[in-house]
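Ready for a few warm-up exercises on reading a protein structure? Take a look at the sequence and the model first, then try each task before you read its solution.

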Amino acid sequence: MEEFDIIIVGASFAGLAVASELKSNVLLLDRKDIGTNVTSACGTIVKFVESIRLEKSILQTFDAATLHTAKNKIHHIPLADEFCTIDYSIFCNQFFKQSDAEFRKENVSGLKEGAIITDKRKYKAKIYVDCSGWSAILASSIDKRFVDKKKLSVAIETEIPYKDNKLRFFVDEKIIENGMGWLFPAGENSRLGVGSYGKNPRLMQSLKNFVSSYGLKLNGAHGNYIPHYLRKPTIDNIFVVGDAAGNVLPLTVEGIRPAIRAGKYCGRIAQQIIEGKISLEEGSRRYSYFCLKNKKYYDYLLKAQRRMSHSPNWKLNFVTKFLSMKPIAKWALKKYEAI
Ligand SMILES: Cc1cc2nc3c(=O)[nH]c(=O)nc-3n(C[C@H](O)[C@H](O)[C@H](O)COP(=O)(O)OP(=O)(O)OC[C@H]3O[C@@H](n4cnc5c(N)ncnc54)[C@H](O)[C@@H]3O)c2cc1C
């Protein structure tokens, strides 16, 4: 059986971030080729993309967002920092170039007797990193209750030829119940999506209606489940990162920055463990602290998510009007970005 220092499962935002910090003998596994499995609107903060030297992936930038609520009420929200949409393929492939990891396209079924089982073979490693997204394939093969399916949001979107210059969010039951719709322009195209903070059998129909309200037709669709609660960051020698660890901000469903930040931290910790500078126990302790230190803010956002879904429109408009005032918007968004 082949052995590596570290094996990472999942080569998206979290997995590539972990790999970018490692100098060891690393295997990176994903069932899809790197940069081909986009599930996201890929919106994030410009200066964050620049900080990881991936600005070539930026397609369009924005300095304000627009929130649409019921009965065509529109609120313009100034952003604290410029936002952008990125090209997933360019982002992932450039990110992969920042690592020395070996990539193999294999489907992982889990861990058994200390080894990773894939559709092709078995592998062993000193450290495993689970970056497989909401299903947390490694962690859930060890602990069957690791994924709580009652605590998942779900979102889908389509990318269509449509130009706009505004980042738009929609909180309107006529578009999507218990959730949010969005239109993220990305150069020549726009990403139109709907997400629900819970099960929603009508999600695809809601997306079709939303797209047709622009006089457009669906151009395929992609999406995913999204955990809206923090999970255990480590189990034995498994580090869990990104969506697998529930590291997605509730309400906004922003998961790219949290996945990359935790991934980079995890990579640095794992490297120190391999070099014998810290023990596995100490590394697990530090990584768990890093992931859970902002739990109270995740809880606040989860409360806001629940409240927003059940608030009457007048209340939503009132709160949004208040939050749209320039100094308040900048202050609140700075706080949010620091989580
Ligand atoms: C429709 C939608 C829109 C979104 N828009 C935004 C946005 O605009 N901004 C933002 O910040 N966040 C957004 N999010 C959230 C964001 O996409 C996720 O938080 C982010 O992708 C998490 O990254 P990750 O690397 O942890 O997991 P993922 O991106 O889910 O990657 C998991 C990887 O693991 C691989 N994998 C899974 N299982 C296996 C297996 N068994 N064997 C091998 N490989 C496996 C997958 O192929 C995939 O490459 C959105 C989510 C959705 C669903």
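Below are four exercises, each with a worked solution.

A quick note before you start: this is a predicted model, where local features need pLDDT of at least 70 and side-chain atom pairs count only at pLDDT 80 or more, while totals for chains, interfaces and linings use all residues. Residues are numbered from 1 along each chain as its sequence is written, and side-chain values use heavy atoms, with hydrogens and water left out.

**Exercise 1.** Work out how helix H1 and helix H3 pack.

*Solution.* Start by finding H1 at residues 13–20 and H3 at residues 88–97. (Helices are DSSP runs of H or I with at least four residues, strands are runs of E with at least two, and both are numbered from the N terminus.) Next, take the axes: they lie 9 Å apart, at an angle of about 25°. (Axes are lines fitted to C-alpha atoms, for helices over the stretch in contact, and angles run from 0 to 180 degrees between N-to-C directions.) That makes H1 roughly parallel to H3, a label for angles under 35 degrees. Now look for the contact, meaning heavy atoms within 4.5 Å: H1 brings Phe13, Leu16, Ala17 and Ser20, and H3 brings Tyr88, Phe91, Cys92, Phe95 and Phe96.

**Exercise 2.** Put the strands of the open sheet in order and find its edges.

*Solution.* Reading across, the 8 strands go S3-S5-S4-S11-S12-S13-S10-S14, and the pairing is mixed. (Two strands pair if DSSP finds at least two bridges between them.) At the edges you'll find S3 (43–45) and S14 (222–227), each with a single partner strand, so one side of each has no neighbour in the sheet. Finally, the twist from one strand to the next averages 30°.

**Exercise 3.** Follow threonine 69 to its opposite residues in S5 and S11.

*Solution.* First, S4 (residues 58–69) runs antiparallel to S5 (residues 73–86), and 10 bridges join them. Here threonine 69 faces lysine 73 of S5. Then turn to S11, which pairs with S4 in the parallel sense over 5 bridges; there, valine 171 is opposite threonine 69. Last, check the cover on S11 (residues 167–171): 4 of its 5 residues are buried, that is, under 20% relative accessible area (exposed is over 50%, partly exposed in between; 1.4 Å probe, protein chains only).

**Exercise 4.** Locate glutamine 205 and say how exposed it is.

*Solution.* Glutamine 205 sits in helix H5 (residues 203–212). With a relative accessible area of 37%, glutamine 205 is partly exposed.

How values were computed. Parallel < 35°, antiparallel > 145°, perpendicular 65-115°, else oblique.
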